[in-house]
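Trainee: Hi, could you walk me through this one? I'd like to ask things as we go.

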There are 2 protein chains.
Amino acid sequence: MLPAEKSEILKKSLIFSSLNEEELSGLAGLSVERSFQPNEFVFWEGDEADYFYVIAQGRIKVVKHASSGKEFIIAFFEPGEMFGEVAVFEGKPYPASAQALSASKVLGINRQNFLDFLATRPKVALRIINILGGRLRDAQGRLKDLAGERVEQRLAHILLMLASRMGNTLPFTRQELADMAGMTTETAIRLTGGLSERGIIRTSRGQLVILDEAKLRALAEGPPTV
Amino acid sequence: MLPAEKSEILKKSLIFSSLNEEELSGLAGLSVERSFQPNEFVFWEGDEADYFYVIAQGRIKVVKHASSGKEFIIAFFEPGEMFGEVAVFEGKPYPASAQALSASKVLGINRQNFLDFLATRPKVALRIINILGGRLRDAQGRLKDLAGERVEQRLAHILLMLASRMGNTLPFTRQELADMAGMTTETAIRLTGGLSERGIIRTSRGQLVILDEAKLRALAEGPPTV
DNA sequence: CGCCTATTTGAAAACCGTCAAAGTATGTGG
DNA sequence: CCACATACTTTGACGGTTTTCAAATAGGCG
């Protein structure tokens, strides 16, 4: 990949939108390109964290494994988004694993180089604070759901969250939804089946379309028995 | 409170440890002191977020309420720690409520003033990135637990996390532990009862002492049936 | 001493996970 | 182009974990 292409990719990322061309190419010079096949892992939980990543193309999921072996999906990321940053900013091993879902290209940015870069770019630092704040907010909302809500409401919240980021057509299997909502695949299927019958969503293999966001929102907030 | 006292409090906080005296007093000038009675709320979920806070004295808990009315405790904070920052850095309403547990004093720092301050203090920004990263890591670990582990393992994880921050004597009621681990008070009592019988912990009203951290760790990792 | 909150115990029921088996898209290789 | 392998989807029955509901005890503070 040419340096100019790297700059182009970084520029599209929200994190670096405040940088000028010169700064972008400086950062591009610090970055390393890596490519991954579908299902290949970018890093594993516990690995030394020397790099964080910005996605150039493809989709990445970040997961943790429970002691039972069950997988929990922390997040999906798309081109322009960063991942692996928690570990890098803390200087500790990665707290989760990252796996490519499709053929993917990412730019890896070295921890120490980036920290040095940040020390003179307060705007970028503020942007990162912003992004981390948003992720923390999401995480806290999900914590509350997992701790206190029933499966149906958990799934509804997940669908609404995904819809707000990606639109009403969601490219996820029921298994993936289940792993995000902390339930089994069977339960996710039964729930989506029920929602389909009520005309709230439409499902096909590996995809789910939200038809009636208002009803879904009502479901997410209160129990169906009003 | 005198400006010098404010500086003193800020200085003790990890966030501002890189500041010199002059910077500290500048920041102290931007801060407002507020006092709270036990059980009084510092802010409510959904309030406009103009300030974030550093604790001078007392203990604060940050909570969210599920649709059922059940309370979920996101975190407890002690003197020197900051809270309410997620909302401030995002410019959105508070995502949770903050309640004083004991008579408390806090320093409130205005959002816009602080963002201006940060724009010329990259070290403080990096420290905040660090703290947010740590909180995000914690939150992700708890997400995985809530999604995939049984109550006993969830409780064990919570106890270990608290112990690593506060030592082996934990000043929490079973109700509070239950609200952190996403279970009912009755379940928390039954579980702690079992742990006491096995000599792993000792409990009294509003307090829990960890006696055998190794056994607790074993419990947290794997199912009890080895 | 009295009130409020925390702790305790028990029994019943609900929710959801587990297990098993089968059907159905998608893509691959012959 | 068909056959097959692989993943995703579907359905049913059962059982266990945890919540729910109820009632009683006990500790601490004014």
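**Reading the DNA contacts**

Mentor: Happy to. A phosphate oxygen of DNA strand C sits 3.0 Å from a polar backbone atom of Val151(A). That is a polar contact, a pair of N or O atoms within 3.5 Å; within protein, one must be able to donate a hydrogen and the other to accept it, and residues adjacent in sequence count only if both atoms are side-chain atoms.

Trainee: Before we go on, what should I know about the model and the numbering?

Mentor: The model is predicted, with local features needing pLDDT of at least 70 and side-chain atom pairs counting only at pLDDT 80 or more, while totals for chains, interfaces and linings use all residues. Residues are numbered from 1 along each chain as its sequence is written, chains are lettered from A and ligands numbered from 1 in the order in which they are written, and side-chain values use heavy atoms, with hydrogens and water left out.

Trainee: OK, how many residues surround DNA strand C, and which are the closest?

Mentor: There are 18 around DNA strand C, the closest being Val151(A), Thr187(A), Arg174(B), Ile189(B) and Arg205(B). Being near means that a heavy atom of the residue lies within 4 Å of the strand. Of the DNA strand C atoms that come within 4 Å of the protein, sugar and phosphate make up 61%.

Trainee: What does a polar side-chain atom of Arg174(B) lie 2.8 Å from?

Mentor: A phosphate oxygen of DNA strand C. Arg205(A) instead has a polar side-chain atom 3.4 Å from a base nitrogen of DNA strand C.

Trainee: And by class, how do the residues near DNA strand C divide?

Mentor: Into 3 nonpolar, 6 polar and 9 charged. Ala, Val, Leu, Ile, Met, Phe, Trp, Tyr, Cys and Pro count as nonpolar, Asp, Glu, Lys and Arg as charged, and the others, Gly among them, as polar.

Trainee: Switching strands, which residues are closest to DNA strand D?

Mentor: Arg174(A), Ile189(A), Arg205(A), Val151(B) and Thr187(B), out of 19 that surround DNA strand D. Here sugar and phosphate account for 56% of the strand's atoms within 4 Å of the protein.

Trainee: Where does a polar side-chain atom of Arg205(A) lie relative to DNA strand D?

Mentor: It is 2.9 Å from a base nitrogen of DNA strand D. Val151(B) uses a polar backbone atom, 2.9 Å from a phosphate oxygen of that strand.

Trainee: New topic: how many residues does each chain give to the contact between chain A and chain B?

Mentor: Chain A gives 44 and chain B gives 44, with contact meaning heavy atoms within 4.5 Å. The buried area is about 3900 Å², with 71% from carbon and sulfur atoms; that is the accessible area (1.4 Å probe) that two parts lose on being put together, summed over both. Ile129(A), Arg137(A) and Leu143(A) supply 18% of the area that chain A buries against chain B, more than any other three residues.
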